[in-house]
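This report describes a protein model together with its ligand. Please keep the sequence and the structure in view while reading.

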Amino acid sequence: MDPYIANEDFLIAEAHAKINLHLEVLGIRSDGFHELAMVMQSINLSDQLKMIKSADNKITLKSNNKDISNGEDNLIIKAANLLRNKVGNTQLGVDIELEKNIPIGAGLAGGSTDAAATLVGLNKLWNLNLEIEELENLSKEIGSDIPFCVLGGRQLCFGRGEILERLKFDRFDLGLILVKDPSIQVSTPVAYKKYKEKYGHKYLVDERDFEMKRNIIRSSDWSDQSLLHNRKEIKNDLQKTVRPMSKEVEKSLKILSGLPGSHLVSMSGSGPSCFALFQNFNEANKVLNEHVKEFERAGLSAWACSMMSNGVLLRNEFT
Ligand code: C5P
């Protein structure tokens, strides 16, 4: 059954944030990007994009967040223009209202998932009938994490992050507590630049070595049970450079590590958001409620989340 349901003129696209269950920098590519080996996981923290078909040929964006540009530099507008150019119909128009709930500059792919939701949503609203693979392929032109955010769930991500290999699990029961200091953001390019300065001399250079690393990731067990019981840590290479630069990340990791029942603790993406894994959502939620004061005192926003087996979801008033 088509999971994407819309009436003719209106729909809501739900865009989910992601965390990294693994982030390994393998080397540098000829295009200047880093060669990565990652495991990404969608979570139930989401932005909502209300999309209304418009009769004129304009693409407009409004949002509830003053810190976000509504112009051509926003990934939502970039994604809408990209899709319109791809199908060669510049008459298509849409008014988009973004309800931003995912913190920005947090390492949670907030901008990327909005772009993914724009592509999936407009494909339906404008009746373009492009295949999901075509949308994923198109999306990598404007951001490395966007292809993952289209179908989401738990996937292996290689290359710049855009080469996806799906893991065959139907459900993910782990819960997590996610924290972020609202006063700071981390620039992804800066995090990679610092990493290169410090560890560039150790980079792998040979495609055969990259493939060997990918095979290790492929043959690892990424099930909930294995994550909880067979791992000592979550690997995030960028944490090695961001943590010493950011007392907020240091503080977040320290608090999360001290929580009862927290299994693995890590920064997500290029940070500064950090998370701790729990047996399930109820456990994470209980611990969060018991420690609300501690997070408040530390100046951290905190969420209890569950993991999702999907990325973008579409709905409208009638479903
Ligand atoms: O593709 P995206 O817009 O997410 O990348 C943002 C920046 O992060 C890039 O311009 C680059 O500096 C850095 N990056 C990288 N290697 C990657 C992904 C991102 O160096 N694989």
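In this predicted model, P272 is located in the loop that runs between β8 (265-267) and β9 (274-278). The peptide bond joining G271 to P272 is cis, with an omega of about 5°.

A second loop also deserves attention. Between β4 (94-99) and α2 (110-125) lies a loop that contains A109. Although A109 is not a glycine, its phi is positive, at about 60°.

**The ligand and its surroundings**

Where does the ligand sit? Its place is the largest pocket. Two elements each give two or more residues to the shell around the ligand, namely β2 (34-53) and α5 (188-199). Of the elements, α5 gives the most, with 3 residues.

The residues that surround the ligand are F33, H34, L36, G143, S144, R160, T188, P189 and Y192. By character, this shell divides into 4 nonpolar residues, 4 polar residues and 1 charged residue. The shell also draws on two domains: at least three residues come from domain 1 (10-170 + 309-315), and at least three come from domain 2 (175-208 + 221-306).

**Polar contacts of the ligand**

Three residues of the protein are listed below with the atoms that take part and the distance to the ligand.

| Residue | Protein atom | Ligand atom | Distance |
|---|---|---|---|
| H34 | polar backbone atom | nitrogen | 2.8 Å |
| S144 | polar side-chain atom | oxygen | 2.5 Å |
| R160 | backbone N or O atom | nitrogen | 3.0 Å |

How much of the ligand's exposed area does the protein bury? Taken alone, the ligand exposes 450 Å², and the protein buries 72% of that area.

In summary, the ligand occupies the largest pocket, and the shell around the ligand includes residues from both domain 1 and domain 2. Away from this description of the ligand, the cis peptide bond between G271 and P272 and the positive phi of A109 are features of the backbone to locate in the structure.

Note on methods: Residues numbered from 1 in each chain as written. Predicted model: local features only at pLDDT ≥ 70, side-chain atom pairs only at ≥ 80, totals over all residues. Heavy atoms only, no water. Near = heavy atom within 4 Å. Polar contact = N/O pair within 3.5 Å; in protein donor to acceptor, adjacent residues only side chain to side chain. Areas by Shrake-Rupley, 256 points an atom, 1.4 Å probe, with all protein chains shown as cover. 1 Å grid on protein atoms, 1.4 Å probe; cavity = no way out; pocket = protein on both sides within 12 Å on 5 of 7 lines; lining within 4 Å. Sits in = over half its atoms within 2 Å of the grid points. Helix = DSSP H or I, 4+ residues; strand = E, 2+ residues; numbered from the N terminus. Nonpolar A, V, L, I, M, F, W, Y, C, P; charged D, E, K, R; others polar. Domains from an automatic or database assignment.
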